[in-house]
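Please walk through this structure with the viewer open, one selection at a time. At each stop, say what to select and what is there.

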Amino acid sequence: MRILTFLHLALLASTVTSFGDDAQRTPNRWEDSPICLGANDLSIATGSPSLVLMSSGSTHIPVWSLSGGTTGQSVVGLVSGLPGECAAVKVEIVVTTTDEETSPDHEDVYRVHLSQVVKDAAFTDRNATGTPVRTALPVSPLHSRTIVLESCYQVDPSAPLVVRVQREPSDPADTFTRPTGLVMVKVTPLEALSEPHVVQDVPGYNSWPMIQALGEKLVCVYSRGSGHTIHEHSRAVYARTSTDGGKTWTDETVVADTDGYGEVEVGKGLDSDGAMLLWVRRVGKEWFQDLYRTTDGVTFTLVTATQFPVRPMQITDVFAVPAVGLMALWFAGDYGDKPTNAWGTVTSSDNGTTWVQTPIESGLTKAQWPTEPSAVYLGDGRILAIGRIETGGTQFQLVSTDYGKTWARAQTNIGDVHASTPSLILDAETGLLSNYYYHRGAGVLRRRVVDPERVFSHPLRWPASEPVATGSRITFDAGNANATVIGDKHYVAFYSGKAPDTGVFVSVLPAPAKSGGE
């Protein structure tokens, strides 16, 4: 590992594509002392990248030239000496170019491959292939970018870490056909994250939680069955409440347990009087979307049992829209590859008693289909929603400027996902928007924080994620983040475990604060 030169330090101080652009993270003791691999510490892994001197006047710096046209070029380095107390690492790269064609109108794409060889384990056990990360190029040559390729890779600090970095010119998002220069790789040790509170971990498949604040009280609703299935008649919906920030919970109460049906909570929110609303999908011989109301999180009253013209797979969280009333988004389909999928809105002008369904898009392929969307009202008729993607790739962004009458759908740059359900929190005091989601397979609950003005018309400008909690890496035995807020704290529920037994947990963290430059 090389000692940083003055030029390297200058490069590190340039434009950073990270969470810190909009909000302040909890300090990490190693944040200012990453382990850095310079170009001379890296070697060819695949393809034929070139180690060259990038020069400007009398300044010369070694870089790995990565082609914008040739696929399969990557370099690799070995990181040893991780601190014994670290639980994970963040991996960043510093890249630059001397090419006059550089422009923010172009993007390039990179990904990282990480692995560790741990005693008494297969060498594939700790192998992780990162998701492609796309960023815009700088406005002029010689400017550098620091790009977060992985915000949380869990490590065994006693084992060396192998880091392989690859450019992905075959990715459609990589529109810069000229070479770029990889200056260095930065590996920052991370401390262990705080343990989440346990909501419910009795035997069974406790899953798919919804969490809602009722004043100073937390209400967490979840369902339990024997596995990852919605149809079994033994699956019922339960609730517990907490008045101490999720540390302890009241005894479990039954919300819905209808004979001959499997029931799952799918959306929550507040009505205009401050009572909690809860959508429950009831599946048996017929499908129903049942809406419940509660004022205490213990007693739930059925408001309506509805069969909509287009049968939703789910109706998601409820939010208020001026001049409309209550609104929720829905999606419908069978998760197949035929163009039979749809999404839209349901609205209520009578505080939840009746609902009107409006399709927004129909005939979508699975790759075009935004599922399990979460939405916030921003003001002036504007709504921003994030939707899950079912085929791999990046989350969707859905926006409306006319109170939800019409919408535009676009891909984001949020790629560290896998069947990751989003949950949005808009902080009234700071105006910052938090997007929580569980990265299935990686076992990491993540958060991205942004000023919504930055991304409303520019969905590719979401800053990098930060880890919130860790859980099971068994792909579909963990996930489904759902968040709420009380005061200056966010509460994020998720489930985690190994079938047939999973538990429901809640992580507590401070609401993001504006950075000093805001």
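The tour visits one strand and its partners, then an open sheet, then the cysteines. Keep in mind that the model is predicted.

**Stop 1: strand S25**

Select residues 325-332, which make up strand S25. Of its 8 residues, 7 are buried, so the strand is largely enclosed by the rest of the structure. Keep S25 selected while adding its partners.

Add residues 314-315, strand S23, which pairs with S25 in the antiparallel sense over 2 bridges. Here Gln 314 stands opposite Phe 331 in S25.

Next add residues 319-321, strand S24. S24 also runs antiparallel to S25, and 3 bridges join the two. To check the register, find Ala 320, which stands opposite Leu 326 of S25. S24 and S25 form a hairpin, with 3 residues between them. In that turn, select Ala 323: its phi is positive, at about 70°.

Then add residues 341-348, strand S26. The link from S25 to S26 consists of 7 bridges, again with antiparallel strands. Leu 329 can serve as a marker, since its bridge partner in S26 is Thr 345.

While looking along these strands, recall one general point. In a regular strand, side chains alternate between the two faces of the sheet.

**Stop 2: an open sheet**

Move on to the sheet whose strand order is S32-S33-S34-S35. This sheet is open, has 4 strands, and its pairing is antiparallel. Select 423-426 for S32 and 466-470 for S35 to see the edges. Each of these strands has a single partner strand, so one side of each is left without a neighbour in the sheet. From one strand to the next, the twist averages 25°.

Now select residues 444-450, strand S34. S34 and S35 run antiparallel and are joined by 4 bridges. One place to look is Arg 447, whose bridge partner in S35 is Glu 466.

**Stop 3: the cysteines**

How many disulfides does a search of the whole structure find? The search finds 0.

Select Cys 152 and Cys 86 and look at their sulfur atoms. Cys 86 holds the cysteine sulfur closest to that of Cys 152, yet the separation is 10 Å, too far for a bond. For comparison, a disulfide here requires sulfur atoms within 2.5 Å.

Is Cys 152 buried or exposed? Its relative accessibility is 5%, so Cys 152 counts as buried. Finish by selecting Cys 220, which has 0% relative accessibility and therefore counts as buried. The cut-off behind both assignments is under 20% relative accessible area.

Terms used:
Residues are numbered from 1 along each chain as its sequence is written. This is a predicted model: local features need pLDDT of at least 70, side-chain atom pairs count only at pLDDT 80 or more; totals for chains, interfaces and linings use all residues. Side-chain values use heavy atoms; hydrogens and water are left out. Two strands pair if DSSP finds at least two bridges between them. Axes are lines fitted to C-alpha atoms, for helices over the stretch in contact, and angles run from 0 to 180 degrees between N-to-C directions. Buried means under 20% relative accessible area, exposed over 50%, partly exposed in between (1.4 Å probe, protein chains only).
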